[in-house]
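Hi,

Here is the structure I said I would pass on. Have a look at it first, and then read my notes below.

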Amino acid sequence: TLFRSVFVAASLPDATALNAWFTAARPVPAGDFLERVTAVGRLQVTLRYWKDDPAWADQVERTLQAGYPVLSQMIGLGDPANPAITIQEASSQSIAGFSGQYDQASGQVQVSYLADPFVLLHEIAHLWFNGTLASDRWIDEGFASYYAEQAVLQLGMPDHSPQLTDRLLLAKLPLNDWIGPDEPDSTATAYLYGASTDLARETAALAGLDGLRRVWAEIRADRTPYPPAGGSIGNSSAGQGTDWRGLLDYLEQTTGKSFESIWRQWVVDPSQAVDLTLREQARADYAGAVVAAGTWSLPPDIREAMETWQFARAEQLIGDAKSVLADSQQIALLAPVESLTPPTTLRAAFEGKSVAAASLEARNELAALAAIVAARRGQVDSQGAARVVGLLGADPDADLAAAQKAFSQGDVVKAASLADSARSAWEGANGSGQARIIGGSALAAALLLLVLAVIVYPRRVSTAVSNQPARGKRASSSS
């Protein structure tokens, strides 16, 4: 069927200045495609191309064979998780006006029949830079463009990476505003592609390719940008992938350099710029807490608050953690005075639980130490003749020894209870001894009186009976 379209223009002041470009596209039937399967390293590639355009498939295969190893080496993440990919020839009209398009769900790449090596390698770079590695659009697009640009330059191929012009700069907007579908011919879309590529270039220049490799590896492994001390590996609380906040943290923690000015220039809007200011102070306080903790790791709730950019909460927790560290130093000084070894429970609570758990443990340990010191003082002060009597049935020495053992084993609540029991026994020994002595004396006196009463009373009764006249005898004598 023949279709005809007629385009009409109004009167033209200068017909020689007319410059028009018309294109037409129709869906390509499945039967018009041929397929070629090829291996590119460990990547299994299916090329679907128009049956009358095998040259396109040849060019794509040559570009992949040369460019894929370069991309893989520069990015440093090895082969993609899914090594099978389909690359299909398309017209730009069929892919929303773009030269290339990657569908992560299907693992399919569509590339225009006019696309150059940069476009192809940009789409191939999306095998790594997609929603799995980073959740923000500008991260995936910017670094896909950067690595594709570096690959074509290294291979001596034409570089058609996005470039910012003075016209595009007039459409400037924060990269974090890159949401929703793209408009292929819009100035804003062109600016976002160019700006994200410029940011990636600046970031790579500061971090270095090795630094970026470490960053991508940390993100891929789902490690936290705020790890425990001593080289331990902690998991991220944000889950796999990262956003603009996480990428900034990973970059700065991994390389030891500041990327904040780049983020302020390209990424954030005014409200998010405030977060960067809060972050700067929180990171300074966090660094101070790391120094104060020494070989101890900061509690997980502090590291989580930093990772999730809850800076007010992080500041409060850091202040509380410093108080716990001061308590731990006091415990370390007081315990040897009592020939005690500080238990490991405080460090375990600090590193593995939370600031609140560590604070409670520190208070309990200090209370147990105070109880043991008070018990020892009661032992020394408890002197006198009545002490032995007062301690009958009690063994405060054993209680104190048990309290010391419980403390070193980390059962500080039990230690405090035993020490209090020992102190009470020693402090009350003289008083209870005197009471027992007085009570014993009174009891002895009472027993003596009872014995005397038993002995004397029968004699008195006997005497009284013997002195009383017999009634029968008197009656007899009077008769």
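Helices (H or I, at least four residues) and strands (E, at least two) are DSSP runs, numbered from the N terminus. This is a predicted model, so to speak of local features we need pLDDT of at least 70, and side-chain atom pairs count only at pLDDT 80 or more, while totals for chains, interfaces and linings use all residues. Residues are numbered from 1 along each chain as its sequence is written, and side-chain values use heavy atoms, with hydrogens and water left out.

Start with α5 (residues 187-220). It bends by about 95° at Gly 208 (the angle between axes fitted to the seven residues ending there and the seven starting there). Just after α5 comes Asp 222, with a positive phi near 60°.

Next, the sheet. It is open and mixed, with 5 strands in the order β1-β2-β3-β5-β4; strands pair if DSSP finds at least two bridges between them. β1 (33-40) and β4 (100-103) are at the edges with a single partner strand each, so one side of each has no neighbour in the sheet. β4 pairs with β5 (residues 108-112) in the antiparallel sense, over 4 bridges, and Tyr 102 stands opposite Val 109 in β5.

Finally, which elements each supply at least two residues of the lining of the largest pocket? They are β4, α2, α3 (137-155) and α5. A lining residue has an atom within 4 Å of a point of the pocket, an open set on a 1 Å grid over the protein atoms alone where a 1.4 Å probe fits, with protein on both sides within 12 Å along at least five of seven lines.

Cheers
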